[in-house]
Amino acid sequence: MSALVFGGSAGLGRALARTLAARGESLVLVARDARDLAAEAAHLRTLYGVAVEWMALDAADPQATEKLAGVPGAAAIRRLIFPVGTGNDSDDGLLPPATVAALVNANLTSVMATVSLFLPQLLAANVGTIVGIGSVAALRGRNRNVTYAAAKRGLESYFESLRHRTAATGVRVQFYRLGYVDTQLSFGRRLPLPKASPQAIARTIAGNLGRDIGCRTLPAFWRPISWALRALPWRLYRRLNF
Amino acid sequence: MARDGTASWPAGPSETHSLVTMDGGVRVAGATVQRPDRYAYFRERDGAMPAIPRGAGFSFAAASFGAGATTIDLRSFDRVLGFDARSGQVEVEAGATLGALFEFLAARGFYLPIQPGHHRITVGGCIAANVHGKNPARDGTFVSQVESVRVFHPRHGEIDLTPQKESTLFAATCGGLGLTGIIVSARLRAQRLPGAAFHVVHRQVATIAEGASVLREQSSRSDLMYAWFDCSRRGQAFERGMVVTGEFVSEPSDPVAFKLSPSRFSSQSRARLPFSLLNPISLRLMNAIYFRLLRRSGTANVALAEALYPTRANELYLSLFGRRGFHECQAIVPYDQVAEFVGQLRDQATRTGVRITLAVAKPFDGESELIRFDGRGTSLAIEIPRATAASQLMREIDRLVVALGGRPNVIKDSRLPRDIFEATYPECDRFRTVLRQWDPKRLFRSELSDRLGL
């Protein structure tokens, strides 16, 4: 049994891969850059003695995910974890079509494509966990992160469907709405609330694997904020600039 | 990511930080910091801007910021890339910490004999500062356990350096203060771990010169050695001290699992206290207690991790200096000049009214190449609280070091003037030449390199 970590070479994905490897789990890492992947795979093998395979592919190209069927050890994959996604500084609703497509693909389409590739084998084994990673940015649409938030909201809907689809099976589907995490994505940004460490988030996610928890917001202090944001009537919400 | 798309280097998201040296002497309020975590960052490019790599940021001098350079925090490159259990060779990325490497190696029956005393210091930092360990006279300095180094420079791309291949650049990089480029990874030679503890012996000595000669005598058979002196008193008791030597307790060396305690220490957290708690009274009290503790321990077995990384005590001690900080001067003084050095130091300390909080000696027996801190003699590290009179004493010590043929450690003193550096490092001009041939635009720079004219 092994876990596929999509986005496993840096940030939260790296922390997740390390947490799982430390628990003795075999891994398949997927990310854009072969050298990053090779280095992380070498580290995990050397430190924890686990089997680590990897494949370099660009999440902006969902069709490329088909290649994952050929990754060594693909048949043993029982866990699919998606700490993958990317933002764009000029994502204000006026991005050119190719950029919009790439953003939606990286955050949503490639995840769906990868799940559909492996879901049959999880269902056949009647075991496994699929973990989607969303963002508090998708709680309410706003004047920035327009495409990113739309893709992440779409992802949340997709994971709800997936959970419904697998409800009668042994496959667990989980979704995390994450606040700010201290990764390259948030580095250099002025943020109104503190960033969580990727290691802390990874420990929680790894600890929940296999449980039927549905959707969770992390870190926990975002929960009341999410409720309040959602409850805010449009008349007030439109005045917010954040 | 869209933010990485610019043509110049270094490119990527940046933050503005206030950075300060560990000794509190140099502070840059608006330092631009990048924290790359992908290899794509190390791509050959034109139009590069000044930059300087940074590890844990524990240097006493401003080696990883300043001079308008973008500080590049390498700590996300922290991986162990390979390990050969027969030879003990380990390949690591530059941001790997000594502690993580120690936990990894000890569990496999190996360790690095040469390393400084805090487990969060990075391998890249150790190479760039060519640090020393517990017995430099016998073991040499960090460079002697480096097999190869991979360096990135935007003009040249990545290049592997060894003592055989690109030997000049290898020599300039090990101890080159990060000025040849970014150390990306390195191959180090770890040694078989002889045991999980040191058998430590404490010997009381009356003078620093006596301590220095005991260190010299014992250096061939000790795995760990230093001498601590209480210089907080006036008169006869000025230099009383304790020589500490340790040897591995030789047990059948089963692999040992160590888990180091986490530390959040930084040059910022060190300076949290708004004022210094080290006044003449507290200092005498503290030193008297410490002296008695050492004397009472006599001989004892000390666990390896504790002996290698006495972090708790050091962190607390350095924090007592408060926001204003301290001065350290570490200098290798020729063996036959130690007594003269100490005598004049005592006179100057008395004259300027400065209390020396700490003096630590270690034996050295190597050659200084380029700008590496090495030589033959006794290294004396002296710490004093930062104050006007203290700067005066530091200038006197500078003169003394030059007059007696000593050599100061540039990484330990954030104020060391260029003329003193030039007078004590005969190969500094050769280092400058090597650097300019490799990098005519002198892309990698820091407050330290600007101050020393490198």
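Domain bounds here come from an automatic or database domain assignment. In this predicted model, that assignment splits chain B into domain 1 (80-193) and domain 2 (197-415). The C-alpha centres of domain 1 and domain 2 of chain B lie 24 Å apart. The two domains touch. Their contact draws 25 residues from domain 1 of chain B and 31 residues from domain 2 of chain B.

On the domain 1 side of this contact, three elements of chain B give two or more residues: helix 1 (98-106), helix 3 (136-139) and helix 4 (167-173). Helix 1 of chain B gives the most, with 4 residues. The side of domain 1 that touches domain 2 holds 9 nonpolar, 11 polar and 5 charged residues.

A second contact joins the chains. Chain B supplies 17 residues to it, and chain A supplies 17 residues. On the side of chain B that touches chain A, strand 1 (14-20) and strand 5 (80-83) of chain B are the elements that give two or more residues. Strand 5 of chain B gives the most to this side, with 4 residues. By class, the side of chain B that touches chain A has 9 nonpolar, 2 polar and 6 charged residues.

The backbone was then examined for cis peptide bonds. One lies in chain A, from A:Leu218 to A:Pro219, with omega near -15°. A:Pro219 sits in the loop between strand 7 (215-218) and helix 6 (222-231) of chain A. Another cis bond joins B:Trp9 and B:Pro10, where omega is about 0°. B:Pro10 belongs to the segment before strand 1 of chain B. Strand 1 of chain B also gives two or more residues to the side that touches chain A.

Positive phi values came next. A:Asn126 is not a glycine, yet its phi is positive, at about 55°. A:Asn126 is placed in the loop between helix 3 (97-125) and strand 5 (128-135) of chain A. A residue with 12 or fewer other C-beta atoms within 10 Å of its own is exposed. A:Asn126 has 10 C-beta neighbours inside 10 Å, so it counts as exposed.

In chain B, B:Ala67 has a positive phi near 60° and is likewise a residue other than glycine. B:Ala67 lies in the loop between strand 3 (51-54) and strand 4 (70-73) of chain B. Burial requires 20 or more such neighbours, and values between the two limits are partly exposed. B:Ala67 counts as partly exposed because it has 17 C-beta neighbours inside 10 Å.

Notes:
Residues are numbered from 1 along each chain as its sequence is written. Chains are lettered from A and ligands numbered from 1 in the order in which they are written. This is a predicted model: local features need pLDDT of at least 70, side-chain atom pairs count only at pLDDT 80 or more; totals for chains, interfaces and linings use all residues. Two residues are in contact if their C-beta atoms, placed from the backbone, lie within 7 Å. Ala, Val, Leu, Ile, Met, Phe, Trp, Tyr, Cys and Pro count as nonpolar, Asp, Glu, Lys and Arg as charged, and the others, Gly among them, as polar.
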